[in-house]
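Reader: I am new to this structure. Please take me through a close look at one part, the cysteines and what surrounds them.

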Amino acid sequence: MTRVLFWLALVFLVLFAIRSKIRGMQQRARAQQQQQPNPYASPARPQELPDAELMLCCAHCGVYYPASENVQAKGHDYCSHAHATV
């Protein structure tokens, strides 16, 4: 009879130790989640994107470039002065 009680007490202690270990791991995981922000959460305010600039096509090489860098010559649009003089 004492052997049965011994084994029951031993099983109870092992289960109690495992349960307390799992609880400690869960508490540490919760604390770590609270400290680190969620990388997948949407930001509080979405960042505004700058307005897109008009893109033009070079009459010489066919490359698209921003309209602010445009060089006009002979009624055509060019990406650089070198292409405008060719």
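Author: Start with the disulfides. The model is predicted, and the count of disulfides in it comes to zero. Why is the sulfur of C58 in no bond with the closest cysteine sulfur? The closest one belongs to C61, and it is 3.7 Å away. A disulfide needs two cysteine sulfur atoms within 2.5 Å. The 3.7 Å between C58 and C61 is therefore too far for a bond. The view from C61 agrees: C61 is in no disulfide, and its nearest cysteine sulfur is that of C58.

Now look at how covered each cysteine is. Is C58 buried or exposed? C58 has a relative accessible area of 3%. Buried means under 20%, so C58 is buried. C61 has 36%. That value falls between 20% and 50%, so C61 counts as partly exposed.

Next, the core. C58 belongs to the largest nonpolar core. This core has seven residues. Besides C58, they are L56, Y65, V71, A73, Y78 and A84.

Take A84 from that list. Which residues does A84 touch, once its neighbours within four places in sequence are set aside? The contacts are V71, A73, K74 and Y78. V71, A73 and Y78 are also members of the core. K74 is not on the core list.

So look at K74 itself. K74 sits in the loop between strand 3 (71-73) and strand 4 (76-78). With 65% relative accessibility, K74 counts as exposed, because the limit for exposed is over 50%. Its backbone stands out too. Most residues other than glycine have a negative phi. K74 is not a glycine, yet its phi is positive, at about 55°.

Finally, go to helix 1, which covers residues 2-35. A nonpolar surface patch of about 770 Å² is found here on the surface list: F6, W7, L10, V11, V14, L15, I18 and I22 make it. I22 is in helix 1. Its relative accessibility is 43%, so I22 counts as partly exposed. A29 is in helix 1 as well. A29 has a relative accessible area of 37%, so A29 is also partly exposed. How far is A29 from W7, one of the patch residues? Their C-alpha atoms are separated by 33 Å, and the two residues are 22 apart along the chain.

How values were computed. Residues numbered from 1 in each chain as written. Predicted model: local features only at pLDDT ≥ 70, side-chain atom pairs only at ≥ 80, totals over all residues. Heavy atoms only, no water. Core = buried A, V, L, I, M, F, W, Y, C linked by side-chain atoms within 4.5 Å. Buried < 20%, exposed > 50% of the residue type's maximum accessible area, 1.4 Å probe, protein only. Contact = heavy atoms within 4.5 Å. Patch = residues over 30% accessible without salt bridge, like charges linked within 9 Å, V, L, I, M, F, W, Y side chains within 5 Å. Areas by Shrake-Rupley, 256 points an atom, 1.4 Å probe, with all protein chains shown as cover. Salt bridge = Lys/Arg side-chain N within 4 Å of Asp/Glu carboxyl O. Helix = DSSP H or I, 4+ residues; strand = E, 2+ residues; numbered from the N terminus.
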